[in-house]
Amino acid sequence: MIEYIPAKTIVTKTKDSQWFGIDYNMNIYRGCCHGCIYCDSRSDCYHIKDFDQVKAKENALMLIRNDLRRKVKKGVVGTGSMSDPYNPFEKNLNLTRHSLELIDAFGFGIAIATKSTLILRDTDILESIKEHSPILCKITITTADDKLAEKIEPGAASSSLRFSAVSDLSSKGFFTGILLMPVLPFLEDNEENILKIIKAAHEARARFIYPAFGMTLRDIQREWYFKNLEALFPGQHLAVQYAKTYGNQYECKSPNAKKLWNLFTKECQKYNILYQMTDIIHAYKRGYASPQQLSLFDF
């Protein structure tokens with residue numbers, strides 16, 4: 001059984017739209033059961049207790065309907081920033097699916113970030129949204145190695161299945177790409193991993209890859225990460241290596257970041273894969289009117 005928590009609003013205005021051109025944020029769920037050992041959302045600043053327990057917001061669909069109705073300007077609604085909208089409970093609850101129906105009805109666009117293949121269930125609604133507004137599908141993949149993914153993202157779909165989801169979404173005409181973040185120092189920040197991801201992305205017809213060659217670490221998140229590093233990679237002393245390299249830094253850039261960036265951009269250009277944020281935003285919104293004009297109707 002899922003626990004429900006009170007909420008006053010769900011669809012909120014972003015401070016700016018520089019992050020993938022997203023105008024509004026929507027998080028229906030709180031917490032996540034993917035178990036990713038690096039997740040920044042575990043940090044104290046987000047005030048999420050029992051993070052591994054997924055909770056849903058009470059009266060979510062009514063709140064979303066009311067929020068969308070009150071918006072003066074149409075735009076792109078982003079979901080997946082704090083918890084995956086396609087957690088296992090969603091399969092039966094259908095809160096994300098019904099929220100997409102509301103987004104469609106009110107004439108908004110959608111940008112989805114997920115590690116789940118359950119997004120494929122809702123392509124019929126995405127098809128309807130695409131008729132009037134931009135759609136952006138972002139599938140997070142940090143390693144091309146299924147065995148490594150199973151260790152660091154134990155509750156998520158395998159990397160292979162996520163690449164397959166990229167291929168399926170792309171074949172249906174949705175603007176789809178990969179969030180290559182975080183790239184974990186000393187685990188994923190090597191040329192072999194980056195080259196394999198780019199090649200697999202090309203084969204899946206991904207339109208973009210947006211990377212972060214490094215990760216963030218703070219308070220509870222750091223403690224959780226170090227604990228898991230020692231348990232999953234015994235004898236490698238990775239936690240000690242992190243502590244020596246970064247101390248208490250929040251932003252932990254890969255020591256190989258510059259070399260990997262040069263390799264990454266060269267390969268993406270070879271395959272005509274977008275990687276600059278402004279190019280990605282321009283490309284997925286191309287052909288649509290300005291946010292104010294996305295809908296034919298006023299609600």
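Which residues of α8 are buried? In this predicted model, the buried set consists of Q221, R222, Y225, F226, N228 and L229. Seen down the axis of α8, these buried residues fall within an arc of 165°, so they line one face of the helix. Flip to the other side of α8 and the picture changes: E223, K227 and A231 are exposed there. The cut-offs behind those labels are under 20% relative accessible area for buried and over 50% for exposed.

As for what the buried face meets, the buried residues of α8 pack against two elements, β11 (214-216) and α9 (238-246). The helix itself runs over residues 219-232, which makes 14 residues. From its first C-alpha to its last, α8 reaches 20 Å, close to the 20 Å expected at 1.5 Å a residue.

Now to the sheet. Here 7 strands come together in an open arrangement with mixed pairing, and reading across gives the order β2-β3-β6-β7-β8-β9-β10. At the edges sit β2 (11-13) and β10 (208-211), each of which pairs on one side only. Going from one strand to the next, the twist averages 25°.

Within that order, β8 and β9 are worth a look of their own. Strand β8 covers residues 135-140 and strand β9 covers residues 175-180. The two pair in the parallel sense, over 5 bridges. For anyone wanting a landmark along this pairing, I139 stands opposite I178 in β9.

Terms used:
Residues are numbered from 1 along each chain as its sequence is written. This is a predicted model: local features need pLDDT of at least 70, side-chain atom pairs count only at pLDDT 80 or more; totals for chains, interfaces and linings use all residues. Side-chain values use heavy atoms; hydrogens and water are left out. Helices (H or I, at least four residues) and strands (E, at least two) are DSSP runs, numbered from the N terminus. The expected span of a helix is 1.5 Å times one less than its number of residues. Buried means under 20% relative accessible area, exposed over 50%, partly exposed in between (1.4 Å probe, protein chains only). The arc is that of the directions from the helix axis to the C-beta atoms. Contact means heavy atoms within 4.5 Å. Two strands pair if DSSP finds at least two bridges between them. Axes are lines fitted to C-alpha atoms, for helices over the stretch in contact, and angles run from 0 to 180 degrees between N-to-C directions.
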